Amino acid sequence: MMAATIKDVAKMAGVAVSTVSYALNNSPKISEETRKKVIRAAEELSYRPSGAARNLKKRKSETIGLFLNDLGGPFYSQVIEGVQEVVASHDYNLIVCSTYGGENSSANRFLREKFVDGAIIMGTAIPDSLILQVAAESFPIVVLDRELKSDYVHSVLITNEQGAYDAVTHLIKLGRRRIEFLSGPLAAYDNSKRYDGYKRALTEHSLHVPPKISLQGRYLEAGGYQTVKVMMACKRLPDAIFAANDEMAIGAMRALREGGIRVPEDVAVVGFDNISFGPFVRPSLTTIGHSKYEMGAIATQLVFNVQKEENSILLPTQLVIRQSCGFKGTHNENEESYIFHEGRRNQG
């Protein structure tokens with residue numbers, strides 16, 4: 001037996017489809033008598049509007065949605081930890097799902113149907129237009145990978161551009177001159193900002209800026225490995241690689257090692273994100289650090305206090321110096337040096 005549709009409810013109640021919508025959403029545009037008639041028809045037909053969070057009583061789901069590009073990897077696990085702790089402190093539930101599948105993904109459907117009470121989004125597959133369309137006082141959204149201007153859309157970002165600038169400047173100070181940028185997805189906001197920082201550092205030191213990005217690793221360890229393998233096969237070897245995330249940097253180091261290239265003696269490598277196993281690879285990975293846990297926790301607080309906070313929050317990054325960059329300072333494999341860049345809060 002097919003499920004009843006809104007047209008079936010309208011026909012049984014003897015009203016227009018728009019009137020059914022008004023009735024089920026408690027709109028003041030219709031009379032109480034009409035509302036009761038529609039609800040009786042809906043109950044007789046066992047009709048439910050799409051979206052489990054929107055039943056006939058308009059009951060809130062008491063659930064927050066976290067929508068990510070990928071559910072695996074050390075980066076996302078720390079973001080999720082920060083989110084779930086704050087969600088639990090408010091006695092809410094958390095749904096975490098991937099944006100894989102684009103328009104047909106569960107994440108897009110949950111947003112369109114407002115299946116949850118608010119959303120935290122770090123997924124480039126969800127378009128700006130959908131976010132701006134569904135965001136409302138009753139449905140706040142926080143984004144972690146883009147800047148959007150809306151009363152009910154907030155951004156939690158890190159100093160991507162400055163962090164990348166610090167990383168590449170550090171390599172330049174160590175004497176590296178041919179520095180390649182190992183890119184993630186070209187359309188990703190964070191990747192774009194990190195590329196800007198890379199270019200700024202080279203330009204300020206009068207070094208050649210490659211006319212286009214030639215190394216693309218899709219933010220994956222396998223992607224970093226494969227693209228650097230191809231680079232070596234083409235007999236094109238820089239003296240340093242700045243990777244837009246740590247996983248690609250680790251993949252790049254594996255490819256270099258297999259090709260007989262020494263890190264950092266022949267090619268220095270620096271990553272971004274300071275993931276948990278960066279200190280344990282050999283050589284230990286120099287990187288740009290930031291608090292993934294704090295990013296998730298602050299984003300969640302913004303969902304619960306969307307009208308009380310600033311439109312954009314910018315969190316700091318720090319240069320974490322280990323062995324892969326070739327630094328010959330006072331630290332050893334059990335010590336790390338830090339150069340800290342302070343973030344700031346912006347009123348959007």
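**Close-up views of a parallel sheet and its helices**

In this predicted model, Phe242 has Val270 in β9 as its bridge partner. Residues are numbered from 1 along each chain as its sequence is written, and side-chain values use heavy atoms, with hydrogens and water left out. Local features need pLDDT of at least 70 and side-chain atom pairs count only at pLDDT 80 or more, whereas totals for chains, interfaces and linings use all residues.

**View A. The open sheet and its edges.** Four strands (DSSP runs of E, at least two residues, numbered from the N terminus) form an open, parallel sheet in the order β7-β6-β8-β9. Because β7 (215-216) and β9 (268-270) each have a single partner strand, they stand at the edges, and one side of each is left without a neighbour in the sheet. Strand β8 (residues 240-243) runs parallel to β9 and is joined to β9 by 3 bridges; pairing requires at least two DSSP bridges between two strands.

**View B. Helices across the sheet.** Helices are DSSP runs of H or I with at least four residues. Helix α7 (residues 160-173) lies across β6 (179-183), β8 and β9, at about 170° to β8. Helix α8 (residues 189-204) lies across β6 and β8, at about 175° to β6. Angles run from 0 to 180 degrees between N-to-C directions, with axes fitted to C-alpha atoms, for helices over the stretch in contact; contact means heavy atoms within 4.5 Å.

**View C. Packing of α4 and α11.** Helix α4 (residues 74-89) packs with helix α11 (residues 292-304) at about 35°, the axes being 7 Å apart. Residues that meet include Phe75, Val79 and Val83 in α4, and Tyr293, Ala297 and Phe304 in α11.
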